[in-house]
Amino acid sequence: MLNIVLFGPPGAGKGTQSQKLIKEYNLMHLSTGDILREEIEKQTPLGIEAKSYIDRGELVPDQMVVGMIGQALDQYRNVSGFVFDGFPRTTVQANRLDAMLKEKGESINLMMSLEVDHNELVNRLVNRGKESNRTDDQDVSIIRNRINIYNERTKIVIDFYKAQNKYRAVKGMGSIDEVFHGLCDAVEAYK
Ligand code: B4P
């Protein structure tokens with residue numbers, strides 16, 4: 001299997017690039033953001049609780065997202081690998097992901113982190129907010145809060161994968177295709 005963590009701050013292009021990676025390498029896309037938005041749409045108890053965090057730009061509690069990913073790993077068997085998009089976002093989540101994969105005799109192969117300037121992140125999310133109805137993209141102060149939380153709580157996950165020699169920094173500035181080429185280069189170098 002090829003198991004990839006696609007990492008980066010909000011608006012770095014994780015969702016955008018995941019779509020391209022799963023096609024190129026025939027992988028299954030697991031986005032905690034997408035799963036949470038589906039739960040909100042269906043108004044499940046999990047979705048209702050998650051919405052209060054997402055609307056403020058906060059992280060949803062670890063046990064909720066870990067449970068969701070655990071269920072998805074059980075559901076999708078016989079796949080050639082996963083792209084984990086937006087997960088793990090804390091060191092607790094990273095540890096739990098390693099443990100869940102280990103139970104299945106699997107592990108993360110590569111963690112690719114998209115590097116994008118702060119102003120570009122804000123611009124992309126403000127623009128997406130104009131076109132989508134995503135509540136967390138509507139307000140610049142919420143967008144800045146998400147980026148701050150990334151810097152305070154999520155960025156440290158890089159160290160977790162660095163220690164396992166799985167971390168690769170990839171340029172996230174430039175066109176969507178240019179960024180994708182950078183990601184493919186990192187995957188090919190790994191292979
Ligand atoms: P996510 O759904 O993961 O969203 P994101 O980080 O905001 O965006 P992403 O990086 O995927 O951006 P995209 O490609 O779409 O999380 C939403 C919320 O859910 C979180 O804030 C949190 O509350 C919660 N959550 C999710 N996972 C969690 C977890 N594990 N633990 C706790 N809480 C969790 O790109 C953004 C925009 O930029 C798009 O409009 C796109 O078109 C554009 N774009 C992309 N690449 C571009 C490029 N190269 N040039 C120009 N524009 C580009």
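Exposed, in this tour, means over 50% relative accessible area, buried means under 20%, and partly exposed lies in between (1.4 Å probe, protein chains only). Helices (H or I, at least four residues) and strands (E, at least two) are DSSP runs, numbered from the N terminus. The model is predicted, so that local features need pLDDT of at least 70 and side-chain atom pairs count only at pLDDT 80 or more, while totals for chains, interfaces and linings use all residues. Residues are numbered from 1 along each chain as its sequence is written, and side-chain values use heavy atoms, with hydrogens and water left out.

**Stop one: helix H3**

Select Pro45 and Ile48, which are exposed on one side of H3, and then select Gly47, Ala50 and Ile54, the buried residues of this helix. These three cover an arc of only 70 degrees around the axis (the arc being that of the directions from the helix axis to the C-beta atoms), which puts them on the same side of H3. An α-helix has 3.6 residues a turn, so residues three or four places apart point the same way. The cover over the buried residues of H3 includes H2 and helix H4 (62–75), where contact means heavy atoms within 4.5 Å.

Still in helix H3, pick Lys51, which counts as partly exposed at 32% relative accessibility. Leaving aside residues up to four places away in sequence, Lys51 touches Ile40 and Thr135. After H3 comes Gly57, whose phi is positive, near 80 degrees.

**Stop two: Glu38 in helix H2**

Move to helix H2 (residues 32–41) and select Glu38, which is partly exposed with a relative accessible area of 47%. Its C-alpha atom and that of Ile48 are separated by 11 Å, the two residues being 10 apart along the chain.

**Stop three: helix H7**

Next, select residues 140–154, which form helix H7; its 15 residues should span 21 Å at 1.5 Å a residue, and its end C-alpha atoms are 20 Å apart, which agrees. The expected span here is 1.5 Å times one less than the number of residues. Colour Ile142, Ile143, Arg146, Ile147, Ile149, Tyr150 and Thr154, which are buried in H7. They cover an arc of only 155 degrees around the axis, which puts them on the same side of H7. Strand E1 (4–7), helix H3 (45–56), helix H6 (118–131) and helix H8 (157–162) are among the elements that cover them.

At the N-terminal end of H7, Asp139 acts as a cap, with a side-chain oxygen 2.8 Å from the backbone nitrogen of Ser141.

**Stop four: the ligand**

Now select the ligand and the 29 residues around it, of which Thr16, Thr32, Glu58, Arg128 and Arg146 come nearest; a residue counts here if one of its heavy atoms lies within 4 Å. An oxygen atom of the ligand is 2.9 Å from an N or O atom in the side chain of Thr16, and an oxygen atom of the ligand is 2.4 Å from an N or O atom in the side chain of Arg128. The protein covers 87% of the 1000 Å² of accessible area that the ligand has on its own, by the Shrake-Rupley method with a 1.4 Å probe.

**Stop five: Asn109**

Finally, select Asn109 in the loop between helix H5 (91–103) and strand E4 (110–115), where Asn109 is buried with a relative accessible area of 15%. The side chain of Asn109 makes a polar contact with the side chain of Tyr190 (2.8 Å). Such a contact is a pair of N or O atoms within 3.5 Å; within protein, one must be able to donate a hydrogen and the other to accept it, and residues adjacent in sequence count only if both atoms are side-chain atoms.
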